[in-house]
Amino acid sequence: MSQDVLNPARVQEIHQEAARRRTFAVISHPDAGKSTLTEALALHAKVIGTAGASSGKANRKETVSDWMQMEKDRGISISSAALQFSYRDSVINLLDTPGHADFSEDTYRVLAAVDCAVMLVDAAKGLETQTMKLFEVCKQRNLPIITVINKWDRPGLDALALMDEITERTGLQPMPLTWAVGISGDFRGVWDLRNDRFARFQRNNAGASIALTEYFTPEEASDSQGVDWSNAVDEAGLVIESNLEFDVDAFHAGTATPILFSSAALNFGVKELLDVLVDFAPHAAPRPDVEGSPRPVESAFSGFVFKVQAGMNKAHRDHVAFIRVCSGVFERGMVVTQTRTGKSFATKYAQQVFGREREVIDEAYPGDVVGLVNASTLRVGDSLFLEGAVEYPAIPLFAPEHFQVARSKDPSKFKQFRRGIEQLEHEGVIQVLRSDLRGDQSPVLAAVGPMQFEVVEDRMEHDFNAPLRLERLPYSMARISTPEAMPALANVVGAEVLLRSDGEYLALFNDIWALRRIEKNHPGLTLVPIGTHN
Ligand code: G4P
């Protein structure tokens with residue numbers, strides 16, 4: 001199958017479709033309201049009839065985290081990787097990120113596949129640790145960030161204090177697009193700065209349906225809201241004065257961040273977020289390849305794997321590779337080339353995973369996410385193309401901080417053990433480090449968060465029938481090094497050098513003191529901090 005890149009109608013169609021796409025992820029500290037916001041966004045897109053229909057923490061959590069169930073219950077299109085819906089003239093792709101900090105490496109990969117991030121801040125807590133870590137990742141990737149101050153219906157911090165914290169800790173200039181009317185805990189509505197009007201929110205069925213919003217002129221708002229209105233206008237005015245008027249270029253350049261206020265639980269301010277995404281968030285644009293030259297969106301199909309997930313359907317022990325489409329049109333059935341191996345890959349049997357039901361998707365455009373089922377040869381970071389070879393930049397690995405030696409519990413299952421470890425490494429579940437000294441039978445597993453080891457143990461036992469024994473190592477930090485470091489540090493206490501499968505030599509140290517001691521005693525060694533710290 002060939003994509004006629006010269007056909008002007010086709011080129012125009014691809015441009016139009018790419019321009020309609022808004023592909024983003026929500027970054028937040030656990031409990032800031034990411035899942036609630038996700039439901040609220042879908043609700044506003046009128047895709048579902050009710051959000052959070054089940055009441056109580058346990059039920060709701062289950063419903064939200066299990067998107068497959070949500071899809072089943074409400075008949076919306078959700079894969080475990082991306083929620084896609086139409087809003088106004090746009091197609092919104094909201095990519096899921098894991099909530100737990102231990103899986104921040106997965107989040108990082110998702111952030112490689114989006115064009116924008118929404119930083120969700122709990123109004124009572126401000127910028128929390130995980131938010132800051134993920135913010136740093138966005139900064140490294142130059143991702144534009146929209147900031148949403150959530151839970152304004154609950155007592156929290158002062159709005160201006162939150163703005164100061166954002167400026168000081170992120171370096172981003174806050175650019176209010178809405179400003180809360182009423183202090184935190186008394187959320188009446190927002191000053192919609194773009195339209196200079198008061199959007200008054202009304203509670204509706206405890207957030208189970210879209211908030212009723214009425215609009216008033218500033219004069220009417222002043223009459224009805226009195227000092228709350230004038231405070232909102234004064235505060236937002238102060239922020240604008242000391243920073244800048246809304247500037248879409250500064251937002252796209254990652255130097256300033258639009259500010260919105262919300263209560264995801266009450267669906268307040270959610271429509272405003274969708275409108276900002278549609279009006280200002282960057283659309284799918286030419287993506288730079290490994291050489292830095294952007295591949296036009298109208299080029300033949302290309303994309304890269306940002307996530308591999310196994311066991312989505314326990315019965316089938318399946319394996320789904322999620323691709324972010326970067327150029328051209330993905331058409332089901334096309335035979336694409338895997339850049340790393342040069343091998344052809346038939347998407348004939350591939351489908352798009354939409355929750356429990358695997359729905360066949362015939363086409364996907366730049367910005368969209370396609371799930372290829374049973375794509376076990378695809379690895380995280382792999383590029384695929386139809387014509388005109390392209391390699392997208394590798395997704396860098398995080399700096400691991402936890403290290404354990406893995407051994408097969410049953411030596412007769414060494415083959416399964418080896419295959420399992422290799423597979424989990426390709427899926428990005430864990431990093432694998434080796435050395436001649438340790439041998440093939442006992443690789444070192446390296447993780448950003450300790451929960452990754454639990455996943456490895458479970459998967460090795462149940463998916464690969466190769467239960468393993470893990471033994472903790474005392475190291476807590478890693479540096480990128482060179483082959484010479486391996487013999488140099490072979491007998492040094494508190495350090496070890498191992499080879500990671502991406503070809504990097506990782507020097508591991510018990511602690512910063514061990515690192516400093518070795519830096520002093522071996523001044524010739526290269527020990528470079530790993531760019532992407534968790
Ligand atoms: P997460 O995915 O970021 O971890 O957060 P999640 O949506 O699960 O929300 C965490 C808790 O915060 C939930 O409460 C949720 O109802 C609540 N929440 C989310 N957004 C808002 C908001 O705008 N206002 C208020 N008041 N609460 C919000 P929970 O865990 O069910 O506990 P509970 O507070 O309902 O008892």
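Here are some friendly notes on this predicted model, going from the whole chain to a helix pair, a sheet and the nonpolar core.

1. Overall make-up. The protein contains 15 helices and 31 strands. Of its 534 residues, 47% count as buried. Sequence separation is worth a look too: taking contacts between residues at least 6 apart in sequence, 71% join residues at least 24 apart.

2. Helix H2. I would start the close reading here, at residues 34-44. H2 is mostly covered, with eleven of its eleven residues buried. The buried set takes in charged side chains such as Lys34 and Glu39, along with Leu37, Leu41 and Leu43. Ala40, Leu41 and His44 are also in the buried set, and these three will come up again in the next point.

3. H2 against H11. How do the two helices meet? The axis of H2 comes within 9 Å of the axis of H11 (residues 270-280), and the two cross at roughly 75°. An angle of 65 to 115 degrees counts as roughly perpendicular, and H2 and H11 are therefore roughly perpendicular to each other. On the H2 side the contact is made by Ala40, Leu41 and His44, while H11 contributes Val270, Lys271 and Leu274. By type, the residues of this contact divide into four nonpolar, one polar and one charged. The polar one is His44 and the charged one is Lys271.

4. A six-stranded sheet. If you follow the strands across, the order is E18-E17-E23-E14-E15-E22. The sheet is open, and its pairing is antiparallel. Its edges are E18 (344-346) and E22 (369-373), each of which pairs on one side only. Ignoring direction, neighbouring strands are turned by 35° against each other on average.

5. The E15-E22 pairing. Edge strand E22 pairs with E15 (residues 319-327) in the antiparallel sense, over five bridges. To find the register in your viewer, look for Ala321, which stands opposite Leu372 in E22.

6. The nonpolar core. The largest core has 148 residues. Which residues have the most contacts inside it? They are Leu111, Val114, Ala117 and Ile323. Ile323 lies within the span of E15, residues 319-327, so this point links back to the sheet above.

7. Around Val114. Val114 is a handy residue to centre on, being among those with the most contacts inside the largest core. Leaving aside neighbours within four places in sequence, Val114 is in contact with Thr23, Phe24, Ala25, Leu95 and Leu143.

How values were computed:
Residues numbered from 1 in each chain as written. Predicted model: local features only at pLDDT ≥ 70, side-chain atom pairs only at ≥ 80, totals over all residues. Axes fitted to C-alpha atoms, helices over the stretch in contact; angles between N-to-C directions. Helix = DSSP H or I, 4+ residues; strand = E, 2+ residues; numbered from the N terminus. Parallel < 35°, antiparallel > 145°, perpendicular 65-115°, else oblique. Contact = placed C-beta atoms within 7 Å. Pairing = 2+ DSSP bridges. Core = buried A, V, L, I, M, F, W, Y, C linked by C-beta atoms within 7 Å. Buried ≥ 20, exposed ≤ 12 C-beta atoms within 10 Å, placed from the backbone.
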